[in-house]
Amino acid sequence: MNTLYFTLGPVQGFVAWARRTRDFWAGSFILSYLAGHAILNVIKARGKILLPAVTINAEEGFHDPLLAAIQRHSEGSPVEKGPFIATLPNRFQAEIPAGYDPNQAVMAVQEAWSRLAAVVWTHFVAPVAHLGNGTRAIWERQLATFWETAWVIGNSKASDLLERRKNWRSQVPAVEPGDKCTLMGNRQELSGFIRIRQHRQQDRFWEALRQLAGELEIGEDERLCAVALVKRLFPLVAQEALGWRLPVHYPSTPYLAAVPWLAGILQTNPAGAASYAIKADSLLQTAGREDPGQFSRLAHFLADHPEAKGFSSLDGNCFFVNAMQNTSLWMKNKQKEMEQANPALELQKDLEQLGPPASPFYAMLKMDGDRMGALLQEYKPALVSTALARFSREVPRIIENHDGITVFAGGDDVLGLLPLDKALPAALELKETYTRSFEGIEGIYKAVNKGTISAAIVYTHYTTPLTVVYAEVCRLLDEVAKEDTGRDSLAVTVWKGAGRALIWAAPWQVIKEQEGAPDLITALVKAFQSCETGKGEFNNSFFYNLRSRLRILKDEGSLLSDLDAVELLIAEYLKNRERQCTKEEARERMKRLLRLCRRSWRDAEAKVHIAEGPLTLDGALLVKFLVQKGAI
């Protein structure tokens, strides 16, 4: 048999074009769903999928839940509790029989896409198409030319052929006329009107479509192209389009940021939370849209206290004072009052009385296996694929246990959204799970720098556009964790309104020296947080002065040894006479902090250089950020 290498795109662009978290999830899901149809087409032609591991088992069927659901629906069987997590990668490797034409897989992708889009058209666009200017033509043109597929046939050791094929760029998108989509800026919006001359006709078209889809589905400032509209609305008609239901409400970024705070308020001030929920419900039109059951710590609390659901299901914007200034949150009969008496002020006061404010930061986590091409060249693809399947089956559980939302979990790729306090623990557990997945596979597990995974975490304010956050997490993973730090590493960025506030990276061995022990960053964070009880290793004055001390060390780095640097930090640390600590204990603590503040990396020979590089403030600033939940 020949070996087929197949890929479907665009990936980063399609996923990144997102204004809300459901858009972000939908991009990954559609890609995975369409790849599943290509895979199923190969299997039905008696091909064998080598990567990812989706081998049919006579008793259990497909290992992958998404592929199993696609198969059942294609055979006319009902799909109960169908999957909603993207688990199939956008590329696959397969043994194909002689005479199989890979263009059949390409056609399977386009047919599945057309069926998906047709349902959206029927329910939402067709009833208002007469209000547009050539809407049907725009729809058909954009849907027919969007996907980029590439394939090659070679031997099982020629995985680089696909990359060379993709470089041909045989599909070049045409420049589109007219006003552009507010989400995918290079495509024409569907009404077909030119706003500068025909804004009334354009507004009439989009208002009619908004009424059909629901006012919360398409914003008043949104004018979308065909691709963006399918991505936005297909979850509403998933039963008809796919054969099973999908979540309609996806957690917003403000809600993700507020989850730790919510859990705390429900414990410490349940009466205030209940009162606040009643008032917010009476004023805000978006109240009640979130699903706290998707987050383990909230779900556990609600199981014993169902009366708290009203508060925990409020729109995420209800938990941030600044967000309440957005008049679109308020019921229409209250929006005029916002311009005059501003009823938000009373609600803001109630929010402030609940307790300390919620942190406005959440995290995006992306992980990717290292040197996967080389691994597949050296070892049998079926063995590597088996290890990756073990890992990907565990990903949703791990992320869910850390109060996160899995966007993608296929093969060696992971993409998730998590509260600020859970991103690092989730990344560490995922890394350990990935490593264990290779145990017993012909020496991969014990080999140096093989069967490893790198990760990137972007901590960002909930108002940062998802397009920006996703671009940053991809750059951070590829350029910092993999290239600059030498793979098998973690890279972290804090992204604020003005951009990157810090970048820190290190090999996993630097962060966590041994299994079962707390990682270096968490240990430092917990030590500082405990200072509120008077027993902490650090206090505010120490962290305040630490920045200036580290700057001195950085400026005088060529004159001071590490021993001198530690002594300088000890002196600062022991200035607080209330701290019960010997000088030797202080020395160990400062050595640990200094290790975090020096650059570590892995060289081309896989040797890890621990704290051998120049001094950087970013390690200490990261600890300070995590301790103070947003301060640097």
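Before we start, one cut-off: a residue is buried under 20% relative accessible area, exposed over 50%, and partly exposed in between. Keep in mind that you're working with a predicted model.

## Exercise 1: Sorting two lysines

Work out whether K629 and K81 count as buried, partly exposed or exposed, and look at their backbones too.

**Solution.**
- Step 1: find K629. You'll see it in the segment after helix 25 (618–628).
- Step 2: apply the cut-off. K629 has 42% relative accessibility, so it counts as partly exposed.
- Step 3: find K81. This one sits in the loop between helix 3 and strand 3.
- Step 4: apply the cut-off again. K81 has 85% relative accessibility and therefore counts as exposed.
- Step 5: check phi. K81 isn't a glycine, yet its phi is positive, at about 50 degrees. K629 isn't a glycine either, and its phi is near 55 degrees, also a positive value.

## Exercise 2: The chain as a whole

Describe the chain with a few overall numbers: how many helices and strands are there, and what share of the residues is buried?

**Solution.**
- Step 1: count the elements. The chain has 25 helices and 12 strands.
- Step 2: look at burial. Of the 632 residues, 55% are buried.
- Step 3: look at contacts along the sequence. Take the contacts with a separation of 6 or more: 71% of them join residues 24 or more positions apart.

## Exercise 3: The four-stranded sheet

Trace the open sheet of four strands: in what order do the strands lie, and which ones are at the edges?

**Solution.**
- Step 1: write down the order. The four strands go 2-3-1-4, and the pairing is antiparallel.
- Step 2: pick out the edges. Strand 2 (48–51) and strand 4 (148–154) each pair on one side only, which makes them the edge strands.
- Step 3: add the twist, which averages 25 degrees from one strand to the next.
- Step 4: zoom in on strand 1 (residues 2–9) and strand 3 (residues 91–96). They run antiparallel and are joined by six bridges. Within this pair, T7 has R91 as its bridge partner, and F6 stands opposite F92.
- Step 5: do the same for strand 2 and strand 3. Three bridges hold this antiparallel pair, and K48 stands opposite E95.

## Exercise 4: Two cis prolines

Find where the cis peptide bonds from G9 to P10 and from L51 to P52 sit relative to the strands.

**Solution.**
- Step 1: start with G9 to P10. This peptide bond is cis, with omega near 0 degrees. P10 belongs to the loop between strand 1 and helix 1 (12–16).
- Step 2: move on to L51 to P52. Here the bond is cis as well, with omega near 5 degrees. P52 belongs to the loop between strand 2 and helix 3 (65–74).

## Exercise 5: The six-stranded sheet

Follow strand 8 and its partners through the open sheet of six strands: which way does each pair run?

**Solution.**
- Step 1: get the overall layout. The order is 6-7-5-8-9-10, with mixed pairing. Strand 6 (405–410) and strand 10 (499–507) are the edge strands, and the twist averages 15 degrees from one strand to the next.
- Step 2: check strand 8 (residues 453–461) itself. Eight of its nine residues are buried.
- Step 3: pair strand 8 with strand 5 (residues 361–369). They're antiparallel over nine bridges, with A456 as the bridge partner of K366.
- Step 4: pair strand 8 with strand 9 (residues 489–496). This time the sense is parallel, over six bridges, and I457 stands opposite V492.
- Step 5: follow the chain between these two. From strand 8, the path goes through helix 19 (residues 466–484) to strand 9, a β-α-β crossover that is left-handed.

## Exercise 6: Two packed helices

Decide whether helix 4 (residues 103–125) and helix 7 (residues 195–213) are roughly parallel or perpendicular.

**Solution.**
- Step 1: read off the geometry. The two helices pack at an angle of about 105 degrees, and their axes are 9 Å apart.
- Step 2: compare with the cut-off. Angles of 65 to 115 degrees count as roughly perpendicular, so helix 4 and helix 7 are roughly perpendicular to each other.
- Step 3: list who touches whom. Helix 4 brings H123, F124 and V125, while helix 7 brings L209, L212 and A213.
- Step 4: sort these by class. The contact has five nonpolar residues, one polar and no charged ones.

Definitions and conventions
Residues numbered from 1 in each chain as written. Predicted model: local features only at pLDDT ≥ 70, side-chain atom pairs only at ≥ 80, totals over all residues. Heavy atoms only, no water. Buried < 20%, exposed > 50% of the residue type's maximum accessible area, 1.4 Å probe, protein only. Pairing = 2+ DSSP bridges. Right-handed = clockwise from strand over helix to strand, strands pointing away. Axes fitted to C-alpha atoms, helices over the stretch in contact; angles between N-to-C directions. Parallel < 35°, antiparallel > 145°, perpendicular 65-115°, else oblique. Contact = heavy atoms within 4.5 Å. Nonpolar A, V, L, I, M, F, W, Y, C, P; charged D, E, K, R; others polar.
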